[in-house]
Amino acid sequence: MQFFGRVTFIIDLGKIIKRKKVLTTSRNSFLVKIIVVLGEFFLLNFLLGILSTHFKVAFPISDAKILMYAIVNLAYMVGVSQVGIILDKRSAPVESILTRVSKTVLIFVVLLLIVVCCVKVYLPLSFLVFFFLIFFLAASSWRLLCRAVLKLYREHGGNKKKVIVLGAGQVAGEVYNKLISNIAYGYNFCGFYDDRLPEAYKVDASLVKGNLNDALEVIKKGEVAEVICALPSGDDRAVVPLLKQAESKFIRCYIVPDFKRFIKKKVSLQFMENLPLVDFREEPLENLSNRIVKRVFDLCFSLGFLITLFPIIFICCAVAIKCSSPGPIFFKQKRTGKSGKDFYCWKFRTMKVNNDADKVQATKGDSRITPVGAFLRKTNLDEMPQFINVLFGDMSIVGPRPHMVSQTDTYSKLIEDYMVRHLAKPGITGWAQVTGFRGETSEISQMEGRVERDVWYIENWSFWLDIKIIFLTVYNMIKGDEAAY
């Protein structure tokens with residue numbers, strides 16, 4: 001009932017949360033946005049001038065050049081306004097920054113091409129390709145530089161925000177630990193406020209500065225920039241007047257829902273009109289645009305590989321496999337895919353033909369593995385036919401590795417979140433594989449570690465995380481992986 005009491009409280013505060021979105025942006029955040037955007041417009045026009053000169057782009061009349069500059073700037077302005085930046089936030093992960101830049105540049109490219117076609121301004125294709133690519137790299141570098149400078153500035157005491165926490169329980173303590181764990185966030189913690197007796201505190205009593213009435217006085221005086229409500233269920237209704245008063249003083253308010261005891265994983269909050277809904281699990285790939293980006297990348301990457309490198313690899317591996325032992329070149333095995341649907345996963349055959357291939361996992365020193373097969377496994381070359389699976393849509397370049405059906409039957413009964421890993425398409429490589437959980441799973445803890453990382457990947461997917469995993473996979477292939485056998 002406490003959980004539902006918390007949800008009811010959130011519903012009561014629906015209007016407060018909604019109004020908070022239109023509060024005046026703080027001066028520091030506004031300044032950060034202005035600096036970032038002005039820097040990008042400078043890069044935009046500088047690169048446009050340099051590259052148009054280098055590629056000798058000819059404009060039939062002088063007005064056409066002015067029109068081109070106007071179109072480029074307006075198109076980028078629309079992209080920035082639609083996507084926004086994240087650097088004004090206290091926490092700005094690198095992957096989130098690059099994702100924002102990617103979306104902004106994508107909108108910019110589409111709009112620019114549409115407008116250029118409509119006004120019939122001719123621009124060489126080579127110029128456009130170089131311009132978009134170099135500007136993307138320049139804008140990404142600029143934002144990462146701004147992030148580094150802003151973090152350094154905050155670490156030296158600048159751009160600080162005063163914040164108080166309502167509550168002195170366990171959740172409030174966790175909030176405090178997050179606030180002070182990274183000084184680059186730029187928070188100046190000003191104390192806890194709670195109506196309970198000191199013996200009920202779960203935090204250092206010396207950090208508790210008073211009760212909720214004392215917090216109200218601090219808010220009325222405008223002495224803080226942010227208020228975080230971390231009161232436990234049952235105590236939080238008394239805080240509604242405080243939050244309303246804070247908003248009247250342009251103080252930003254945040255609520256930490258106290259349902260961690262019920263849901264011990266990352267969740268997100270959605271709205272059905274003004275009704276808040278707690279999403280049981282956050283899945284970025286549930287967003288259609290993210291799925292399109294991932295699928296387009298899979299198609300382009302797999303097609304490029306299959307057309308260029310795969311024929312050479314196939315000829316070399318086919319000859320070696322045939323010379324090493326009798327049997328087919330390819331080995332196909334039924335494995336569990338997305339939503340628990342089985343599919344046939346293709347590999348180069350690395351074992352002697354045997355009856356246990358679909359039941360028994362390969363182990364270190366396995367006598368079934370041929371010398372050529374050992375090399376293929378060590379270098380990951382045995383996985384290359386799976387690009388065909390990617391092309392057909394059964395797999396993705398990056399995702400949780402598909403397991404044998406027998407493994408799925410076994411581990412789904414032993415590991416609580418095991419089937420959650422099948423919410424995404426299986427991959428040729430994955431987050432678990434590049435973080436030390438590749439190969440044999442002789443102990444249940446090894447599979448638990450793999451599942452934990454697979455679920456983390458599903459909940460934290462981004463295009464740039466996929467790129468990172470691909471680079472780490474290639475790096476591991478070059479240096480060699482002890483778990484590859």
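Analyst: Two strands count as paired if DSSP finds at least two bridges between them. In this predicted model, strand 8 (residues 330-336) and strand 9 (residues 342-348) are joined by 7 bridges in the antiparallel sense. Seven bridges satisfy the requirement of at least two, so the two strands pair.

User: Which residue in strand 9 is the bridge partner of T336?

Analyst: The partner of T336 is D342. The hairpin of these two strands has 5 residues between them, and within it S339 takes a positive phi near 60°.

User: What makes the phi of S339 worth listing?

Analyst: The value is positive, near 60°, and the residue is other than glycine. S339 sits in the loop between strand 8 and strand 9.

User: Why is S339 called exposed?

Analyst: Its relative accessible area is 58%. Exposed means over 50%, so S339 qualifies.

User: N380 also has a positive phi. Where is N380 found, and is N380 buried or exposed?

Analyst: N380 is in the loop between helix 12 and helix 13, with a phi of about 70° although it is not a glycine. Its relative accessibility is 13%; the limit for buried is under 20%, so N380 is buried.

User: How do you know that E40 and R143 form a salt bridge?

Analyst: The N to O distance between their side chains is 2.4 Å. The criterion is a side-chain nitrogen of Lys or Arg within 4 Å of a carboxyl oxygen of Asp or Glu, so the pair meets it. E40 is in helix 3 (residues 27-54) and R143 in helix 6, 103 residues apart, and the pair links distant parts of the chain. Both residues are buried.

User: What makes D466 and K294 a salt bridge?

Analyst: Their closest N and O atoms are 2.7 Å apart. That lies within 4 Å, so the contact counts as a salt bridge. D466 belongs to helix 17 (residues 463-479) and K294 to helix 10 (residues 288-308), with their positions 172 residues apart in sequence. Both D466 and K294 are buried.

User: Why is the pair E383 and R401 said to tie together parts of the chain?

Analyst: E383 lies in the loop between helix 12 (371-378) and helix 13 (386-392), whereas R401 lies in the loop between strand 10 (396-398) and helix 14 (405-411); the pair therefore ties together parts that are 18 residues apart in sequence. The N to O distance is 3.0 Å, which is within 4 Å, so the salt bridge is accepted. E383 and R401 are both buried. They also belong to a network of salt bridges that includes K347 and D382.

User: How many salt bridges does a search of the whole structure find?

Analyst: The search finds 8.

User: Why is E459 called buried?

Analyst: E459, in helix 16 (residues 444-459), has 8% relative accessibility. Buried means under 20%, so the label holds. The C-alpha atom of E459 is 5.4 Å from that of E282, although the two are 177 residues apart in sequence.

User: Which residues have the most contacts inside the largest nonpolar core?

Analyst: They are F108, L112, F131, F135 and F348, in a core of 61 residues. Helix 6 (residues 125-155) gives the most to this core, with 8 residues. Apart from it lies another core of 18 residues, among them I164, Y193, A215 and L231.

User: What is F108 in contact with, leaving aside its neighbours within four places in sequence?

Analyst: F108 touches L44, V72, A75, Y76, F131, F132 and F135.

User: What makes L106 eligible for a nonpolar surface patch?

Analyst: L106, in helix 5 (residues 94-119), has 52% relative accessibility. A patch residue needs over 30%, so L106 passes, and because 52% is also over 50%, L106 counts as exposed. Together with V110, I114 and V115, L106 makes a patch of about 320 Å².

User: What are the totals for the chain?

Analyst: The chain has 17 helices and 11 strands, and 46% of its 485 residues count as buried. About 25,800 Å² is exposed, 63% of it supplied by carbon and sulfur atoms. Of the contacts with a separation of 6 or more, 73% involve residues 24 or more positions apart.

Conventions
Residues numbered from 1 in each chain as written. Predicted model: local features only at pLDDT ≥ 70, side-chain atom pairs only at ≥ 80, totals over all residues. Heavy atoms only, no water. Patch = residues over 30% accessible without salt bridge, like charges linked within 9 Å, V, L, I, M, F, W, Y side chains within 5 Å. Areas by Shrake-Rupley, 256 points an atom, 1.4 Å probe, with all protein chains shown as cover. Helix = DSSP H or I, 4+ residues; strand = E, 2+ residues; numbered from the N terminus. Buried < 20%, exposed > 50% of the residue type's maximum accessible area, 1.4 Å probe, protein only. Core = buried A, V, L, I, M, F, W, Y, C linked by side-chain atoms within 4.5 Å. Contact = heavy atoms within 4.5 Å.
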